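This report describes selected local features of a structure, working from single residues to strands and sheets.

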Amino acid sequence: MDSKKLSHDILNSIERLRIMHDLIKAQNFSAIPKDELVKDLDDELKKLREDFAKLLNQ
Amino acid sequence: MDKIICLGKNYIDHTKEMKEAQPEKPVLFIKPPSCFLEIKDNAKIVLPWNRGNIHHECEVVLKLYKKNVIGLGLGLDLTLRDLQKKLKEAGHPWEIAKSFKNSALVTPIKGTRDFQKDWQLTPFILKINGEIRQESSLSQAIMKADEIIHYIDQYFPIHDGDLVFTGTPAGVGPLKPNDFVEMEYGPIKHSFTFVEKFDGF
């Protein structure tokens, strides 16, 4: 995967994490249930670590 | 934010005031994120006044995550009205009338739980220089939130963080420099001023 695509994916992950932060901070689980949000958070952090690792090894 | 998705002709009274035919379904168009500006209180906002009449269109804005509404704002979909009319008459796309710098103004987003009652029933108001110009609620629109998302999903890939402008009611009109704007929607209350063009716009 090229670095431009990786950067794009990383920034998209950060945007999604920001949304999750806002929802969790507000304890707003009306649209997305809490356990689903926690799973999303785990998946997104895992993907972010993997993408950063790939970018570092470019 | 990947994009801003906008609905047109989602309020019958607006289509009537424009003297246009009501389509079977609201129209869809997109503004790029580069048009977006978050409204800050007491801000001074510049528009391309030298490009013809600029009309305000006040709209409820949805912020999406996993195709759900997770945040709400009040927005101004700004339109170069004379240019849009010419382009429509020529049968041309009208992006250049809709997608200019600062043409998607949005208040800071609030969570749905910040609204004391059903946010689709909550009125939104636009005042210019102290005078109410537009007032309605999303419940008055042809398509409501769930239907809007389902409709958009048929045509555009929805990304987390996308904003949706849900259409404007009647009362659109021209803006001018030094207009003082107040926007209210439930817990959302913001005001700012449009200013004359300056070097560097």
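Contact here means heavy atoms within 4.5 Å. The model is predicted.

**Helix α4 of chain B**

On that definition, the buried residues of α4(B) pack against β1, β2 (27-31), β6 (58-65), β7 (68-77) and β12 (163-165) of chain B. The helix itself covers residues 145-153, and its buried residues are A145(B), I148(B), I149(B), Y151(B) and I152(B). Viewed along the axis of α4(B), these residues fall within an arc of 160°, so they line one face of the helix. The face turned away from the buried side carries D146(B) and H150(B), which are exposed.

**Two buried polar residues of chain B**

N10(B) is placed in the loop between β1 and α1 (12-17) of chain B. Is N10(B) buried or exposed? N10(B) has a relative accessible area of 0% and is therefore buried, as the cut-off for buried is under 20%. Among the residues that N10(B) touches are P26(B), A141(B), I142(B) and G167(B). Another residue touched by N10(B) is I148(B), one of the buried residues of α4(B).

K3(B) lies in the segment before β1 (4-8) of chain B. With a relative accessible area of 7%, K3(B) is also under the 20% cut-off and so counts as buried. K3(B) touches residues including I30(B), K31(B), P33(B), F156(B), H159(B) and L163(B).

The side chains of both residues take part in polar pairs, listed below with their distances.

| Side chain | Partner | Distance |
|---|---|---|
| K3(B) | side chain of D2(B) | 3.1 Å |
| K3(B) | backbone oxygen of P157(B) | 2.6 Å |
| N10(B) | backbone nitrogen of M143(B) | 2.8 Å |
| N10(B) | backbone oxygen of T166(B) | 2.9 Å |

P157(B) is also in the list of residues touched by K3(B), and M143(B) and T166(B) are in the list for N10(B).

**Aromatic pairs and a charge over a ring**

A pair of aromatic rings is described by the distance of the centres and the angle of the planes. Over all chains, a search of the whole structure finds six aromatic pairs. One of them is the tilted pair of F115(B) and Y185(B), with 4.8 Å from centre to centre and 55° between the planes. F115(B) sits in the loop between β9 (104-106) and β10 (124-128) of chain B, while Y185(B) belongs to strand β14 (residues 180-185) of chain B, so the pair ties together parts that are 70 residues apart in sequence. Both F115(B) and Y185(B) are buried.

F192(B) and F194(B) form an edge-to-face pair, with centres 5.1 Å apart and 85° between the planes. F192(B) is buried at 0% relative accessibility, and F194(B) is buried with a relative accessible area of 0%. Together with W49(B), F192(B) and F194(B) form one aromatic cluster.

A charge and a ring meet at W94(B): the charged end of K88(B) sits over the ring, 5.5 Å from its centre.

**Strand β15 of chain B and its partners**

Strands of a sheet pair through backbone hydrogen bonds, either parallel or antiparallel. Strand β15(B), residues 188-195, is mostly covered, with seven of its eight residues buried. How many bridges join β14(B) to β15(B)? There are six, and these two strands run antiparallel. K189(B) in β15(B) is the bridge partner of E184(B). The hairpin of β14(B) and β15(B) has two residues between the strands, and in this hairpin G186(B) takes a positive phi near 55°.

Strand β4 (residues 43-46) of chain B pairs with β15(B) in the parallel sense over four bridges. Here V46(B) stands opposite V195(B) of β15(B).

**A three-stranded open sheet**

Chain B also has an open sheet of three strands in the order β8-β5-β13, with antiparallel pairing. The edges are β8 (79-80) and β13 (173-174) of chain B; each has a single partner strand, so one side of each is left without a neighbour in the sheet. Strand β5 (residues 54-56) of chain B pairs with β13(B) over two bridges in the antiparallel sense. H56(B) stands opposite G173(B) in β13(B).

**A residue of chain A**

D35(A) is in helix α2 (residues 34-56) of chain A. D35(A) is exposed, with a relative accessible area of 61%. The C-alpha atoms of D35(A) and K4(A) are separated by 33 Å, and the two residues are 31 residues apart along the chain.

Terms used: Residues are numbered from 1 along each chain as its sequence is written. Chains are lettered from A and ligands numbered from 1 in the order in which they are written. This is a predicted model: local features need pLDDT of at least 70, side-chain atom pairs count only at pLDDT 80 or more; totals for chains, interfaces and linings use all residues. Side-chain values use heavy atoms; hydrogens and water are left out. Buried means under 20% relative accessible area, exposed over 50%, partly exposed in between (1.4 Å probe, protein chains only). A polar contact is a pair of N or O atoms within 3.5 Å; within protein, one must be able to donate a hydrogen and the other to accept it, and residues adjacent in sequence count only if both atoms are side-chain atoms. The arc is that of the directions from the helix axis to the C-beta atoms. Rings of Phe, Tyr and Trp (its six-membered ring) pair if their centres lie within 6.5 Å; planes under 30 degrees apart count as stacked, over 60 as edge-to-face and the rest as tilted. A charge sits over a ring if NZ of Lys or CZ of Arg is within 6 Å of the ring centre and within 35 degrees of the ring normal. Two strands pair if DSSP finds at least two bridges between them. Lists of a residue's contacts leave out its neighbours within four places in sequence.
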